[in-house]
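Biologist: Before we discuss cysteines and enclosed space, could you put the sequence and the model on the screen? I would like to ask how each label was reached.

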Amino acid sequence: MPELDFILKRAVSEIIDEQDLRKLLDTSRTLRLKEGFDPSSADIHLGHMVGLRKLRQLQELGHQVVLIVGDWTAQIGDPTGASVTRPMLTAEQVKANAETYMQQFFKIVDRSKTEVRWQSEWFGKFTLADVIKLTSRFTIAQMLAREDFKKRFESNRPITITEFLYPLLQAYDSVMVKADVEFGGNDQKFNLLVGRELQSMIGQPSQQVFLTPILTGTDGTKKMSKSLGNYIGVAESPENIFGKVMSIGDDLIIQYFDLLTDVTDEELRHFERDMDGGRTNPMLLKKRLAREIIKQLYSESDAEEADLAFEKVHQRREMPEEINECRVSFEAMKSGDCGDIDLPCLMVATGLASSKGEAKRLIQQGGVSLEGEKVTSEKAQLKSGCVLKAGKRRFARIINSDVVSAS
């Protein structure tokens, strides 16, 4: 079980108020730890895992997580970190996303120590009078103190009234579940402080605000985000997670160890000194990092198997044991009358590339191989059963469906 100082210092941006939180944790009372999510997306990535690990650590000290499913606020759209209003979702989309999200959430957080609440429990009964009463407690000036609102206002970009409602509704959640602590990334500071203030206004003890750092995406520049494509999903296979971790830049290794693992601070300093002094191979640290992450989401044996699979495919250049079979019509894939196969079309049809443009770029960059031989042309002669590889981790065994159907 992690020590309290480790929980409150490691992978933490700010706690408001840390001294008060320590006093609360010193009592025998079970604290209510609020974590809200808007199911605007179905997937959780390692960026979310930073805060979820904190919830799990405090659960292990005996505290209760209260998971708020933002089925109302998801239909408004939170602009935090975005320069435009996010699209509203239907109730059906929200429910479908929420189910998937929760399956992934409980890969990290203990389900038995989690209370799940849907906003519709209280907002479903909200009247116009309730909305007016809630909005009357805050001013436009307070809303414009939020950085993204301020920037849009100053640049004459539109801000809808419904967007001002978002932090108020999130704050009201804290009131309804009597949150002792609310968790969020440091880009959520404004919203969490509104909850703290609203609780005080109505006579509840003010929640503590627990802010965690934003994880840099695999591109090494922007925050991890599914929309930017620089993410590692917690529901991805161990092999995919391992491969993506191995692809990160060396400058991200320490940050990922720091925010996503329980490796000790002393060991982290050792890693950093050895990297700076050129005394360790960064690839070995990435392999350790990948194993540490995978064993949290799956198991120790899954982590070891992913390591062995990576070594086999990428270090020894061997084929993976399991390769997806893709049945396509060679006749339909022919380029002209020469009988050659149009490889970009084939790669899109088999899922090895998302577009013909991507396929052509991969071929030009030397990232496509056929039966282990690098492909240099967009046209090739293929035999049924051959293996086509794109990039570092995508394989397909190509089966000629014309031959199969004829037999």
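**Cysteines and a cavity**

Modeller: Please keep in mind that this is a predicted model. Cys326 is buried, its relative accessible area being 13%.

Biologist: What makes Cys326 count as buried?

Modeller: The label applies under 20% relative accessible area, and Cys326 has 13%, so it is called buried. Cys386, with a relative accessibility of 6%, is also under that cut-off and therefore counts as buried.

Biologist: How many disulfides does the structure hold, and how do you know?

Modeller: The structure holds zero disulfides. A disulfide needs two cysteine sulfur atoms within 2.5 Å, whereas the sulfur of Cys326 has its closest cysteine sulfur in Cys386 at 11 Å, which is too far for a bond. Seen from Cys386, the closest cysteine sulfur is that of Cys326, again at 11 Å, so no bond can be assigned there either.

Biologist: What makes a space in this model count as a cavity, and how many are there of 30 Å³ or more?

Modeller: A 1.4 Å probe must fit there but be unable to get out, and one cavity of 30 Å³ or more meets that description. The largest cavity holds about 30 Å³ of space. Its lining consists of Arg10, Ala11, Arg53, Lys54, Gln57, Asp258, Leu259 and Thr261, and the elements that give two or more residues to it are helix H3 (46-59) and helix H12 (253-260). H3 gives the most, with three residues.

Biologist: Which domains does the lining of the largest cavity draw on, and which classes of residue does it have?

Modeller: At least three residues come from each of domain 1 (2-215) and domain 2 (238-316), and by class the lining has four charged, two polar and two nonpolar residues.

How values were computed:
Residues numbered from 1 in each chain as written. Predicted model: local features only at pLDDT ≥ 70, side-chain atom pairs only at ≥ 80, totals over all residues. Heavy atoms only, no water. Buried < 20%, exposed > 50% of the residue type's maximum accessible area, 1.4 Å probe, protein only. 1 Å grid on protein atoms, 1.4 Å probe; cavity = no way out; pocket = protein on both sides within 12 Å on 5 of 7 lines; lining within 4 Å. Points joined across faces, edges and corners; volume = space filled by probe spheres on them. Helix = DSSP H or I, 4+ residues; strand = E, 2+ residues; numbered from the N terminus. Nonpolar A, V, L, I, M, F, W, Y, C, P; charged D, E, K, R; others polar. Domains from an automatic or database assignment.
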